[in-house]
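Dear colleague,

I am handing over the structure we spoke about, and I would be glad if you could open it alongside this message. My notes come after it.

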Amino acid sequence: MSYPDYPADPTALEEEILQRWRDEGLFERTLERTSGGEPFVFYEGPPTANGRPGIHHVFSRTLKDLVCRYQTMQGRHVARKAGWDTHGLPVEIEAEKQLGISGKPEIEELGVARFNEICRESVFTYKDDWERLSERIGYWLDYSDPYVTFDPEYIETVWWLLKQLDERGLIYRGYRSVPYCPRCGTALSSHEVAQGYREVEDPSVHFVCTLLDDDGAPTDRALLAWTTTPWTIPSNTALAIHPELVYAEVEHEGRRLIVADALVEHVFGEDAEVARRVPAAELVGLRYRRPLELIEVSDEEAESGWRVLAADFVSDEEGTGIVHIAPAFGADDYAAGQEHGLPMLRPIDDAGRFEEGIPEVGGRFVKDADPVLLDALEERGVLFRRGMVTHSYPHCWRCDSPLIYMARDSWYIRTTEVKDRMLENNGRVSWYPPEIGTGRFGEWLEGNIDWALSRDRYWGTPLPIWVCDAEPEHREVI
């Protein structure tokens, strides 16, 4: 058996094949031949053309091309409309790099109008690279009339859709804990958060919250809480325990520390002796001393906070079985704060820094404040243990900064209202492989939360919602 000689100049052969495809107009001929066929609608999921394509785009486009070719061979008319994603943070970040700036303050110092000019100019930087890639891998797309997300016609379509959602009562403004990127200065959706998890080392902190008697005086009993975000401890306003767990009091250096009974050995070691076991009901409602009193609070806040709550999200699988609650930082924390009327202490600005004037940590970025706060806990005699833990933590998929969960004002689409219908429709889809429908996608639908729609940025589709200053409930959606 003999084989043909490998070409001396592969590039020349490639160009010869590509030119033949151009001369023959293969794509156009398939469109002509199927012009009377039933349409199979395909809009390219638009790439951002101010970034270069990579090998992963070849993989995804091969799969999409397979579907389109199959449908064409069945006689369907597959127009294959190309598109360009020209809005959003990926564009903004590239513009920041081009201008040699970073973050919202520097953008505003430059001027939003000038910044948006640079964004508009940069969006098609690698347009030719994308079109060349499509041609080289034989991925047919109609680039003659693409949809472009910054075109007024496209924006007006988005506005029309938002108007329909609003008329159905599915758009609302809410204040809740959302994943937030302090570098980019904007919230992220759950889908975006899922793209940025990675293994990191964070502080592992066990700290003591001394219980108070009926007169507000400290006792020799204390709850032992655990967290991997010590920067949230100044914002603590409650401790949560599971209502059905049994808790144990362990003698330690002259006081009794309380943890979940199942975690005694994990926390204190195998030689630990339990002095007394306590049902959760006996602890619920007790008050305790704030571990760090760095933030001033009113008398009303002092009265409503710093007590023990019952919460089903607490477990005895890790930590101490006692969860530190900071309602301004964390979805479960926020929900508990709303349910129990807890104070919401949010001493962090939009850049993720402690507000100036806060003792010891004022002006520091939250992660940089961790070691300072650990020293503060130790000085006050309420640090039980400090260490490091490796765990999965979300990062911004665009700029790689660690995210923080922060209570913020945002606009939402009430996707939970149509959750059952989406699940029903998903069950009718023929998924290949089937476990995608029941697993990754189905589980995402099962855990669906309302979509945080708005972004506090500059280069994107303007949100067409005008709110009355006198009566915030009165609004106009264009």
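Below are the notes, which go from the overall fold to the cores, the sheet and the open and enclosed spaces.

Please keep in mind throughout that this is a predicted model. The protein has 17 helices and 17 strands, and its C-alpha trace spans about 90 × 70 × 45 Å along the principal axes. Of its 478 residues, 42% are buried. If one takes the contacts between residues at least 6 apart in sequence, 73% of them join residues that are at least 24 apart.

I turn next to the cores. In soluble globular proteins, nonpolar side chains tend to be buried together. In this model the largest nonpolar core has 66 residues, and Y247, F268, F354 and L377 are those with the most contacts inside it. Helix α14, which covers residues 366-379, provides the largest share of this core, namely 7 residues. A second core, separate from that one, has 15 residues, including W84, I107, I118 and C119. To return to F268, its contacts, once neighbours within four places in sequence are left aside, are with L224, V250, H252, L257, V259 and F384.

Helix α4, which runs over residues 89-99, may also be worth a look. Its buried residues are L89, V91, E92, I93, A95 and E96, so that the list holds two glutamates, E92 and E96, next to nonpolar residues such as L89 and I93. The elements that cover these buried residues include α5 (104-110), α6 (112-122) and β4. Just after α4, G100 takes a positive phi of about 70°.

The strand β4 appears again in an open sheet of 4 strands, whose order is β4-β3-β14-β15 and whose pairing is antiparallel. Its edge strands are β4 (186-187) and β15 (451-452), each of which pairs on one side only. Between them in that order, β3 (residues 171-181) and β14 pair in the antiparallel sense over 10 bridges, and R173 stands opposite W411 in β14.

Where is the enclosed space, and which residues line the largest cavity? The structure holds 1 cavity of 30 Å³ or more, and about 40 Å³ of space lies in the largest cavity. Its lining is made up of T186, A187, R408, D409, S410, S454, R455 and D456, which divide into 1 nonpolar, 3 polar and 4 charged residues. Both β4 and β14 supply at least two residues of this lining, and β14 gives the most, with 3 residues.

The second largest pocket, in contrast to the enclosed space above, is open, and its volume is about 1,000 Å³. It is lined by 30 residues, of which T228, T229, V323, D332 and D333 are the closest to its centre. By class, the lining has 14 nonpolar, 13 polar and 3 charged residues. At least two lining residues come from each of β6 (218-227), β12 (322-325), α13 (331-340), β13 (383-394) and β14 (404-413), and the largest share, 6 residues, comes from β13. As β14 contributes to the lining of this pocket and also to that of the largest cavity, you may find this strand a convenient place to begin reading.

With kind regards

Terms used
Residues are numbered from 1 along each chain as its sequence is written. This is a predicted model: local features need pLDDT of at least 70, side-chain atom pairs count only at pLDDT 80 or more; totals for chains, interfaces and linings use all residues. Side-chain values use heavy atoms; hydrogens and water are left out. On a 1 Å grid over the protein atoms alone, a cavity is a set of points where a 1.4 Å probe fits but cannot get out, and a pocket is an open set with protein on both sides within 12 Å along at least five of seven lines; lining residues have an atom within 4 Å of a point. Grid points are joined across faces, edges and corners, and a volume is the space filled by probe spheres set on the points. A nonpolar core is a set of buried Ala, Val, Leu, Ile, Met, Phe, Trp, Tyr and Cys residues joined through side-chain atoms within 4.5 Å. Buried means under 20% relative accessible area, exposed over 50%, partly exposed in between (1.4 Å probe, protein chains only). Contact means heavy atoms within 4.5 Å. Two strands pair if DSSP finds at least two bridges between them.
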